[in-house]
Structures are given as structure tokens and as C-alpha cells.
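Open the structure in your viewer and switch to a cartoon view. Keep the selection tool at hand, as each stop begins with something to select.

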Amino acid sequence: MPELPEVETIRQGLNQQLSNSHLCSIVRLDNYCWHDETSNFSLAADYKLSEFERQGKYLFAHLKSDTSAEDITLIFHLRMTGKLIITSTVTNLPKHSHFYFELKKDHKILYLYFNDVRRFGYVKLLPRQNLSFDQSLKKLGFDALTHKLTLNEKALTEKEAENAFIQGCRRHLHKNIKSALLDQSIIAGLGNIYADELLFSARIHPANLCCDLSEKNLQILYRSILPLLNKAISNHGTSFSDYVDSWGIKGNFQNYLQVYQRTSLPCYSCKTPIKKCKIAGRSTHFCPKCQIYYGSNTLT
């Protein structure tokens, strides 16, 4: 599933190529993935695509019109296998492509198509002023990279974000820390890959309950987030099977992973074989020697 670094990489690529382009048309190839069947898509022909923004794992395309007072936003969630790819032609689009946009920029026609094998991804079209009322977005905690609570609000300071993270974990004392990192209401954007990598970086065993971790443990964990995300973004995200950027190119960060998908391979730090277990229903990778378990219950 694309996580924050992957969605941010896509956002940067889309802005570089498509910001301030004219939206000529939206073509739906089937009825999958559009979540708002009441939207009048014919309106889109009068709109300019101003920019792409991101909050957590959500991607937003903002549309402005010279003839309408109402700005519109397209909300994308890629879920497990969603892709947004720029192309110069829509002839022979790959299977499982569900819709595309025709755009004009600097007298050049480009297309942006949405492909999703599993069909769990989606797009919704909303008036921009209604974004704050969207139920999915209202549940998000602050963004792990920008520290914004919403797109329109001023970002939290580094200290405010750290305190918000610690307080979020303290509200869920009997939740294990791996699950807390995946909880988008505590901090938005992290998923299975980066949760495992963060816990290794902070030397914290993923089975620890939040109540068993000291404030210092949580500070160390929180302060590991930005360096990891920035390194992943600089390497264009992690690609194992489905993720590609806006040009269909795979990321490189899988070459730098310390524990994720390295089951039975030696830890880079201590040579102990990496283990894999299920925590909260998710495959979890960790080093049993480097990552400390602070709980009173004996691990099996």
C-alpha cells in the first residue's frame, strides 16, 4: 500500500508536470472507483488544475474556474494498488485503468490515468469549502511530514507535534505501539513498512504496549520519523510489487530497509536473524535482539 513517502513522491511529480494546466475532460472507463455518483463531472471542463496537495495518505487535486465561484477538489486515496500515472496517449491503457483526465499545459496535451487492480482506491469530487466536513478527513491526526492538522491550518511546531504524538499514545495505553503508529487519528501517513522501520530505528519492540513505554521512549520514536520519511522521499518511495511514481517508475527505498521483508536475514546491526510475527493482524518485522521489549508479559 502506498504510504506517505510514496504519495508525497507522486504529489511532487504531478505538481511538476501538471500544476496550472487546463482540464479539458474527465473520461470514466467504468463505474469503479468514483465514490460520488451525484457529482456533475461536466463542470470539470471549465476548470484549471491549480495544484496537488497531500494530507496523510490522501492526495488532493484543486480545481479553479474563471466562470464559476465554486472551487472544486478531487480527493484521491490509492489504498493498496492505486496508481496515478501521466502519459502522452490513452491508446492501449493497461488493464484495470478506471478513468483518465485530459489536460492541456503550454499547448501540450497530457493525460493522467488512474489504475487500480484491486479496485479499493477511489476518487471523490467535493466543493473545496466542504473538505473540512468530510468524515474520513476529520478523523485524521496531524500529518507525519508537514505537521498540519488540515490542509488549511497552520502547521504544528515540532514540539507541538511531538507532544500531540505522545498524548495520542497515552490515550491508548493498552494498544501496542505498532498499532499506535498505524492509527491515522494519532499521526497520519504511516503504514506497515514505515512503522516497522521506525520501531527498529528507535530500538523498540513492536509488541510493547503504549503504557509500558516511557516518555523518553516515545520521544526517541517520534524523533525518528522525519529522518526516515525524508530519506524515503529522496529515494522516491518503496517499491515491492505495485507502487510506481507518476511516470510509472519504481522507487528505490526498498534497498535501504532494515527489517521490513527481511525475515530470517541477518540484522545489519547485530547479525541476529530478523523475525516476523502478526501484530494487530499485520505482518510485523523486527530484530529480537536490537529492539527492546519493556513489558511485564513474557513474549512467546
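The tour starts with the whole chain, moves through a sheet and some helices, and ends in the loops.

**Stop 1: the whole chain**

Select everything. This is a predicted model. The protein chain has seven helices and 12 strands. Its C-alpha atoms fill a box of roughly 65 × 35 × 30 Å along the principal axes. The radius of gyration is 21 Å, which agrees with the value near 19 Å that a compact globule of 300 residues would have.

How many of the residues count as buried? Of the 300 residues, 53% do. Now consider which parts of the chain touch. Among contacts with a separation of 6 or more, 63% are between residues 24 or more positions apart.

**Stop 2: the open sheet**

Select β1 to β8. These eight strands form an open sheet with antiparallel pairing. Trace the order across the sheet: β5-β7-β6-β1-β2-β3-β4-β8. Strands β5 and β8 stand at the edges, and each has a single partner strand, so one side of each is left without a neighbour in the sheet. From one strand to the next, the twist averages 30°. As background, strands of a sheet pair through backbone hydrogen bonds, either parallel or antiparallel.

**Stop 3: strand β4 and its two partners**

Select β4, residues 72-77. Is this strand mostly covered or mostly open? It is mostly covered, with six of its six residues buried. Show the side chains. I72, L74 and F76 point one way, while T73, I75 and H77 point the other way, and all are buried. In a regular strand the side chains alternate between the two faces of the sheet.

Add β3, residues 58-65, to the selection. β3 and β4 run antiparallel and are joined by six bridges. Two pairs can be picked out here: Y58 has H77 as its bridge partner in β4, and A61 stands opposite L74.

Then add β8, residues 122-127. Six bridges join β8 to β4, and these two strands are antiparallel as well. For one pair to look at, find I72 in β4 and P127 in β8, which stand opposite each other.

**Stop 4: helix α1 on the sheet**

Select α1, residues 4-18, and bring the sheet back. Which strands does α1 lie across? They are β1, β2, β3, β5, β6 and β7. The helix runs at about 160° to β2, which covers residues 47-55.

**Stop 5: helix α5**

Select α5, residues 192-201. Nine of its 10 residues are buried, so the helix is largely enclosed by the rest of the structure. The buried ones are N192, I193, Y194, A195, D196, E197, L198, L199 and F200. To see what surrounds them, show α1, α4 (177-182), α6, α7 and β12 (282-286), against which the buried residues of α5 pack. Just after α5, select R203, which takes a positive phi of about 60°.

**Stop 6: helices α6 and α7**

Select residues 215-223 for α6 and residues 225-234 for α7. The two helices pack at an angle of about 20°, with their axes 4 Å apart. That angle makes α6 roughly parallel to α7, since angles under 35 degrees count as roughly parallel. Show the side chains where they meet: L221, Y222 and R223 in α6 come up against I225, L226 and P227 in α7. The residues of this contact divide into five nonpolar, no polar and one charged.

**Stop 7: three loop residues**

Select R79, in the loop between β4 and β5. Its phi is near 50°, a positive value in a residue other than glycine. R79 counts as partly exposed because its relative accessibility is 33%, and the partly exposed class lies between 20% and 50%.

Next select H96, in the loop between β5 and β6. H96 also is not a glycine, and its phi is positive, at about 75°. With a relative accessible area of 30%, H96 is partly exposed.

Last, select N255, in the loop between α7 and β11. At 56% relative accessibility, N255 counts as exposed. Add G295 and draw a distance between the two C-alpha atoms: they are separated by 32 Å, and the residues are 40 apart along the chain.

Methods: Residues are numbered from 1 along each chain as its sequence is written. This is a predicted model: local features need pLDDT of at least 70, side-chain atom pairs count only at pLDDT 80 or more; totals for chains, interfaces and linings use all residues. Side-chain values use heavy atoms; hydrogens and water are left out. Buried means under 20% relative accessible area, exposed over 50%, partly exposed in between (1.4 Å probe, protein chains only). Axes are lines fitted to C-alpha atoms, for helices over the stretch in contact, and angles run from 0 to 180 degrees between N-to-C directions. Angles under 35 degrees count as roughly parallel, over 145 as roughly antiparallel, 65 to 115 as roughly perpendicular and the rest as oblique. Contact means heavy atoms within 4.5 Å. Ala, Val, Leu, Ile, Met, Phe, Trp, Tyr, Cys and Pro count as nonpolar, Asp, Glu, Lys and Arg as charged, and the others, Gly among them, as polar. Two strands pair if DSSP finds at least two bridges between them. The radius of gyration is taken over C-alpha atoms; the globule rule is 2.2 Å times the number of residues to the power 0.38.
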